[in-house]
Amino acid sequence: MSDLTPPPDEPMGDQSRARIRAELLRTAHEGRAESRTRRRLVPVIAAAAVLVVAGVTAWAVQAGEGGVDGAPAGPLASTWSTDPTPSPPATRETPSPRPPDQRAGAGDCRAELANTLSGAELAARVDDHTSFWVRGDRFVLCDVRDRTTIHRALPVTPADSVETFRVSTRYVPAGRGAFDVIRVAGGAVPEGAMAYDVEYTFPDGTVVPAETVTGADGRTWWRVEHTSSSDGGNEMSGPPITVRVSLSGVQRTYRLDWASDTCAQANHGC
Amino acid sequence: MTELGEEGLVDGLRRDDPEALAALFDRYGDRIYNHCFRATGDWAEAEDATATVFLEVWRHRRRVQAHDGSALPWLYGVATNVCRNLTRSRRRGWRALAALPRPAPEPDHADRVAERVSTEARMRAVLAAVDELPPREREVLGLVAWSGLSYEQAAAALDVPVGTVRSRLSRARARLTDLTTPRGDRDE
């Protein structure tokens, strides 16, 4: 073989990317929690060690002063110095100005859209959280919580596939190691649909029907939102989210795979 | 090479920020994926190896190093180690990842599948051809000639002096010329 040129690069598949990304984030969040626990333990152990050393030293000094069992009385020659040791000048650390938050999701919808569907315009707003943005024949859902979540761009005319019903997942710390898990999905109602119902069933058994809103251009949009609590367990071992869609009397059911279908955001991790 | 905010990502990793890991994966996942493919000749193995690389990055996040402001050479270094171990023991250890729930296969079209098989066959033929090289020379070849790293970046990735990279690559090229030139041509 004389041609040693490898084949051209290829991008990783979307599903694989989402799966690995979700796993990385899960591992990282777990690792960070463990790391914090270790960090909290280190000062405690260090303080305990200092107390033990101080106790032993005090005992040794007392014993020395008492001249126990032939030990030389008086100060321990090499341990103590009568010279005042100059202490380093006290330094006051000037708090540095907090850098602007440049993490993904720190901007508003328009700013966060830049890398997903640049130039998209607001088409409809469901409430203070969720809005839909359109450019040409594609749209993105934007959801603002503690951070701004941008969904991947999808065709305005919904495809008959699970991709249309993927949810974004945002874990918002709720204190004491617990999280609020906020899941959001949405899209455009197919034009001309006489009856269109979307209903999600979440692992906690909650059934959430889609709510709809009509945009300025007359198009109807649906949105499903669900918040649950998590203590950090592995949700992937639970039942999947299912979606029941009814279009003009024809019903379909989709099952969302964990990670690949529950991490619809494009601008940050789950 | 340095992209805006990359030093921030490196800082983020050191500060245990999972979002920094995700952002690094978003930015360089494809490059590492293709580097791993060129080391294994198998797209599926490259995918698992990529996941392993970024898990290792997280494990060693306190030691992340930026070369000229970029974490990429260090990432390639981690990837090279992962793939070296991979080819030594073929999937020992990191196969635990296979236990992860996998999505249903993507609806590949037949031609897409054929293309992947074809690229795998081609890459394996290339790997067979360079198999005669010592592993260290193969690694330099992979980083510089195939992944496009500069000598300095490859040196940072492998934690060796730049001169070592130059000499390994030079020896690799000489050996490959020997291997790929028909005997009759060499004798002339």
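In this predicted model, A:Ala193 touches A:Leu247 and A:Ser248, leaving aside residues up to four places away in sequence. The contact with A:Leu247 bridges a stretch of chain: the two residues are 54 apart in sequence, while their C-alpha atoms are separated by 6.8 Å. A:Ala193 itself belongs to the loop between strand S7 (178-188) and strand S8 (196-201) of chain A. Is this residue buried, exposed or partly exposed? A:Ala193 has 14 C-beta neighbours inside 10 Å and therefore counts as partly exposed. The strand that precedes the loop, S7(A), is mostly covered, with eight of its eleven residues buried.

S7(A) leads on to a sheet of chain A. Four strands make up this open sheet, arranged in the order S6-S7-S11-S10 and paired in the antiparallel sense. Which strands stand at the edges? These places are taken by strand S6 (168-175) and strand S10 (211-214) of chain A; each has a single partner strand, so one side of each is left without a neighbour in the sheet. From one strand to the next, the twist averages 25°.

The pairings can be followed across the sheet, beginning with S6(A). This strand and S7(A) are joined in the antiparallel sense over seven bridges, and here A:Tyr171 stands opposite A:Val181 of S7(A). On to the next pair, S7(A) and S11(A) run antiparallel and are joined by ten bridges. A:Asp180 has A:Ser229 in S11(A) as its bridge partner. The last pairing brings together S10(A) and strand S11 (residues 220-230) of chain A, again antiparallel, over four bridges. A:Thr212 is found opposite A:Trp222 of S11(A).

Attention now turns to the nonpolar interior. The largest nonpolar core holds 96 residues, of which A:Leu24, A:Trp133, B:Leu21 and B:Leu75 touch the most other members. Which element supplies the largest share of this core? Helix H2 (residues 18-40) of chain B does, with twelve residues. Chain A takes part through both domain 1 (14-61) and domain 2 (109-256), each of which gives at least three residues to this core. For B:Leu75, the contacts beyond four places in sequence are with B:Tyr28, B:Ile32 and B:Val57.

The two chains also meet across an interface. How many residues of chain B are in contact with chain A? There are 35 of them, and they face 34 residues of chain A. On the side of chain B that touches chain A, the elements giving two or more residues are H2, helix H3 (43-59), helix H5 (110-130) and helix H8 (162-180) of chain B. H2(B) gives the most to this side, with eleven residues, and this helix also provides the largest share of the core described above. Sorted by class, this side of chain B has 21 nonpolar residues, together with seven polar and seven charged ones.

A further helix of chain B completes the picture. Helix H7 (residues 151-158) of chain B is mostly covered, as six of its eight residues are buried. Which residues are these? They are B:Gln153, B:Ala154, B:Ala155, B:Ala156, B:Ala157 and B:Leu158. Just after H7(B) comes B:Asp159, whose phi is positive at about 60°.

Methods: Residues are numbered from 1 along each chain as its sequence is written. Chains are lettered from A and ligands numbered from 1 in the order in which they are written. This is a predicted model: local features need pLDDT of at least 70, side-chain atom pairs count only at pLDDT 80 or more; totals for chains, interfaces and linings use all residues. A residue is buried if 20 or more other C-beta atoms lie within 10 Å of its own, exposed if 12 or fewer, and partly exposed in between; C-beta atoms are placed from the backbone. A nonpolar core is a set of buried Ala, Val, Leu, Ile, Met, Phe, Trp, Tyr and Cys residues joined through C-beta atoms within 7 Å. Domain bounds come from an automatic or database domain assignment. Two residues are in contact if their C-beta atoms, placed from the backbone, lie within 7 Å. Ala, Val, Leu, Ile, Met, Phe, Trp, Tyr, Cys and Pro count as nonpolar, Asp, Glu, Lys and Arg as charged, and the others, Gly among them, as polar. Two strands pair if DSSP finds at least two bridges between them. Axes are lines fitted to C-alpha atoms, for helices over the stretch in contact, and angles run from 0 to 180 degrees between N-to-C directions.
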